[in-house]
Amino acid sequence: MSNTTFDWIASLIKAVIIFVVLLQLVPVLIWLERKVVARMQQRIGPNRVGPFGLLQPLADAVKLMAKENIIPTGVDKLVYYLAPVISIVPALAAFAVVPFGEPIHVAGRVVYLQVAHVNIGILYVLALSSLAVYGITLAGWSSNNKYSLLGGLRASAQMISYEIPVGLTVVAVVLLAGSLDLLDIVNQQVKQGIWNIGPQFIGFLLFVVASNAELNRAPFDMAEAESELVAGFHTEYTGFRFAMFFMGEYVNMVTTSALATVMYLGGWHGFGPDVWYLNLIWFILKIFAFIIFYMWVRASWPRIRYDQLMGFGWKVMIPAALLNLAATAVVIVVAKERATLWLTAVNIALFVVFLAVLRLVNSRQLEQHRQVVPQPDAVRG
Amino acid sequence: MQKEETRKIFEDARLKFGEDVAFSDRPAEEGSIVVQPSRIKEFSRWLRDDLKFDFYSEVGGADFMFQNPRYSLTYTLFSTKERKHIHYKVLLDEDEPRVDTISDVYAGANWHEREIFDMFGITFDGHPDLRRLLMPDYWRGHPLRKDYDIGGESVQFSANFADVTPQTLPAPPDEEVFLGWDRLETQPSSYTQLLDSGAELEDAGEGRMIINMGPQHPSTHGVLRLLVELDGENVITTLPDIGYLHTGIEKTAESLNFNQALTLTDRMDYLSPLGNNLAFSLSTERLLGITIPRRAQVLRVILAELTRIQSHLVWLATHGLDLGAMSAFFYCFRERDQILDLFETASGVRMMTSYICPGGLREDIPPEFMPMLQSFMDIFQSRVDEYEVLLTKNPIWLERTQGVGKISVEDALSYGVSGPSLRASGIDWDMRKVEPYSGYEEYDFDVPVGSHGDVYDRYLCRVEEMRQSHRIIAQAIKKLEPGPVGADERRVLSPHKIEIGNSMESLIHHFLLTTIGFTAPPGEGHVPTETGRGLLSFYMIGDGSPKPYRMRARTPSFSNLQALPLMMQGGLVADAVATIGSIDIVLGEIDR
Amino acid sequence: MNPYLPILFMLIIATAFAVGALSLAMFIGRPKGGNERKLAPYECGIEPVVGEVRERFPVKFYLVAMLFILFDIEVIFLYPWAVVFRQLQVFGLIEMGIFLAILLLGYMYVWRVGALEWQ
């Protein structure tokens, strides 16, 4: 077998496996989200279909599949059909460059544990995940519905606004690694002795918040703020077309979590022996930790208002991300070999300051606002 | 005592208005002043400016057919400074009933007058927007008139939407009045109004959009429809459109006996059925002139406060959900379920209890009620803390609620906004303190008062109210002593089951009470009460028959909703959702 | 083999899945029915009567889009710089400092004129 043939077959197999796993993760995540949120809300969650309700998402999928194919009047048909496809294809394709393990050797040949090993991996992920905005905007525009239009517009403005802080925090990671290759980023973290969550702690926080907003998840789920805009951009979507948006969202969640794991949590590295299957388990565990964190946030926070969301993105996130980048660059130049140590220290200090500021802001918020005064009978007279 | 107050005011009025005012003994124990229709506006102004009656409550109509004058309108005002209230009436002739509007004196009269126009066909001169309020625009006749033909209208029920056709509806009397076969295309005046105001903007080159929220919308809390005109995302005007849940409760009550009419009140504000039962029973009891025993009074207080807590829990749950805090929803419903279990234990029904009735309570509470109540009391305070942990200091919650949906005390009073929505603006006004009923004067509790009149203050007020209600119940439990729960009034309450089994007379009595019901003497009864949503009062008119001649309900949500456009002005669409949630409306009692 | 080829595989598989699933849904879904009202766009149970749907929407959104393009390009310029930053050292720092300072000026200007205010 020639090298080329081997590569072809290997990458095809990898592509299919990743595709199948991603698709299978969607029902698992839906089930998990329903269960996790239910437990947080003192409910049981799905428990009828299959053991522990595990088959519930499948039942839903079948139901959605068999739904009547409604096309509302006045929609722009081509765009209306295309929008769900546009939202899911980049979501699935984005995962192609995410490495989930050290390259392994099969029959004397190197096999990368990622579908495509490209040297600009991180750029590719960012580029594809920003394509998701097209699906949403087009869905909103084509639907011939005011809620959809407003929802779609809001979503696109929100997603592009939060893409900038995401991009800036990623630059800081690239500064440390000196490479856009995700594999290099992971290896560099092992080399420097501490995962990037240490020297890039502020960046990590910014990334988590900004990517949450980019994923359109609570508390930033403005696009589908069900209480104001009914269902936002997918108001007019039913059946499997609706399911496509849903799947796209969940796949994006997996990709973002995987990216965060690779960039900040040392990818597949964990404790114990360094074998590829254990590494894989570590990788999956880390991804799920992120996902459960997103679910937790969703269960506990009210939704932010749109103007506040935009203000937060442009006035807080972007300056903070720029500052983080500048600080990282300066420390790298000044501290040279001991940059990691210094960065970690600086980040921890900044985090403490940040917490103090947060507390101050919150207490000022509360101070302006008063408690209700119970009127005792004596005052009343 | 109230009657003395009214008489004093009447004597003052005599000096100013001479023969144009007269004193009336009705309603019982309160009395009222009858004013000549021509001087009603002047009289209202005088009350507002000179006598400081600043809180507008209601205008209610009644049709005394075969009497002359035929129509009677009863105005009710409160004075927050002197803590008293006054009723005054105008009597209108049968042909061409018209009277001056007072909506320029009290803003809240706007909708009440529209409702009277809708229901009685009385014209209000000078009213800015005299349209039907609850009935569709194309409706014929005025339903609350006594000579209104009942049963004439055909209502189509079909599972298949396509079957409902314009042809099967009754032919409209006049093509020009008829504006469409269903409500979908009606409300022309509201559209024109919005579009007119929009036309100017269009010239100014502003991006303007009209968004229709409701009736089928997740956060309008029922079938409320709002036409919201937006400039970008900012609200310019709001036009509420109500009546989608109009079930004709006031009309239906006129053909049922008192105990049957009681069941209708459950369905008005379906979140505080026992509060409604209580208000209905109090007014009816005043009309009948009966007093109820102590145990029933204490139990009524317990039940009314439980209802208040339950109603606030649903409010907190849905308000949180509107703003995306979905976990709070489930926490609140957990405790609400416990309260509903209590109601079920006492009355057999979870929501439509009809448990408090004229004369006392339907039955004494079962023995298992008190232990259940105690276990609820033990946990509830800590559960309120739990809700507060989720929301009170949450920065996003603060951002979303502080400074949003503001209303000043003066505006709120003029609109007749009541309950926590009023108190959040900074005035201590609670009927339980102002005019105590059911022995509320014996309980030691505080009335939480806000200062900014925004969504956050309304939130704080209601949360604190839950704690205060808990306090009241704790005191009431201590006061509870064995005794009868029904008044010693054979004409109202049926004998006990054991007696019925042993005595033929009792059986006949029971039979008559159940089939015909007790009769109320000619007269009027009115008692203002405080439910979770605010000032609720029934204005009962009896005519010597076993049925209420007129049951007029002054519902808090109705007036609170009317002030919504004022609160929403200048806010964002997202604020609209927060504001609607914060005034805690129940469409069942708005549309009745 | 070109390292980007597997990405193409992935794209093809994903597109095939999306188109296939949608076609399948159309095929096995309930036959189309309903009347005009059922197919009308959803506007809370009311016939959409007031105003056009695709009318002008706030210019604010265009502003955000333009600002985004500016800043996104800035971020793109940062990537190659970041990759070679360790070789450039102080020179890179100063160079990028000037670049960012110019952008920051623009950012401050935008903030001052109120383009970042949503209301």
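**Chains A, B and C: contact, core and sheet**

Good morning. I begin with the contact between chain A and chain C, which takes 64 residues from chain A and 53 residues from chain C. Please bear in mind throughout that this is a predicted model.

Which elements of chain A supply the side that touches chain C? At least two residues each come from helix 1 (3–40), helix 3 (77–94), helix 5, helix 8 (239–264) and helix 10 (306–335). Of these, helix 5 gives the most, with 13 residues. Sorted by class, that side of chain A holds 39 nonpolar, 15 polar and 10 charged residues.

The partner, chain C, has 5 helices and 0 strands. Its pattern along the sequence is accordingly written α-α-α-α-α. Of the 119 residues in chain C, 18% are buried.

I turn now to the nonpolar interior. The largest nonpolar core has 300 residues, and the residues with the most contacts inside it are A:Leu92, A:Ala96, A:Val171 and C:Met10. Helix 5 of chain A, spanning residues 146–177, contributes 20 residues to this core, the most of any element. Helix 5 therefore deserves a second mention here, as it also gives the most to the side of chain A that touches chain C.

What does A:Leu92 touch, once residues up to four places away in sequence are set aside? Within chain A, the list comprises A:Phe19, A:Leu22 and A:Val251. From chain C, it comprises C:Met10 and C:Ala14. C:Met10 has itself been named among the residues with the most contacts inside the core.

Chain B is my next subject, and I start with confidence. Its mean pLDDT is 82, with 90% of its residues at 70 or more. Over residues 167–205 of chain B, however, the pLDDT is below 50. That stretch nevertheless has 46 contacts in the model beyond near neighbours in sequence.

Chain B also contains an open sheet of 3 strands, ordered 14-15-16, with antiparallel pairing. Which strands form its edges? They are strand 14 (523–531) and strand 16 (550–554), each of which pairs on one side only. From one strand to the next, the twist averages 15 degrees.

Looking at one pairing in detail, strand 15 of chain B, residues 534–542, is joined to strand 16 by 5 bridges, and the two run antiparallel. Across from B:Tyr539 stands B:Arg552, which belongs to strand 16.

Thank you for your attention.

Definitions and conventions
Residues numbered from 1 in each chain as written. Chains lettered and ligands numbered in written order. Predicted model: local features only at pLDDT ≥ 70, side-chain atom pairs only at ≥ 80, totals over all residues. pLDDT = per-residue confidence, 0-100. Contact = placed C-beta atoms within 7 Å. Core = buried A, V, L, I, M, F, W, Y, C linked by C-beta atoms within 7 Å. Buried ≥ 20, exposed ≤ 12 C-beta atoms within 10 Å, placed from the backbone. Helix = DSSP H or I, 4+ residues; strand = E, 2+ residues; numbered from the N terminus. Nonpolar A, V, L, I, M, F, W, Y, C, P; charged D, E, K, R; others polar. Pairing = 2+ DSSP bridges. Axes fitted to C-alpha atoms, helices over the stretch in contact; angles between N-to-C directions.
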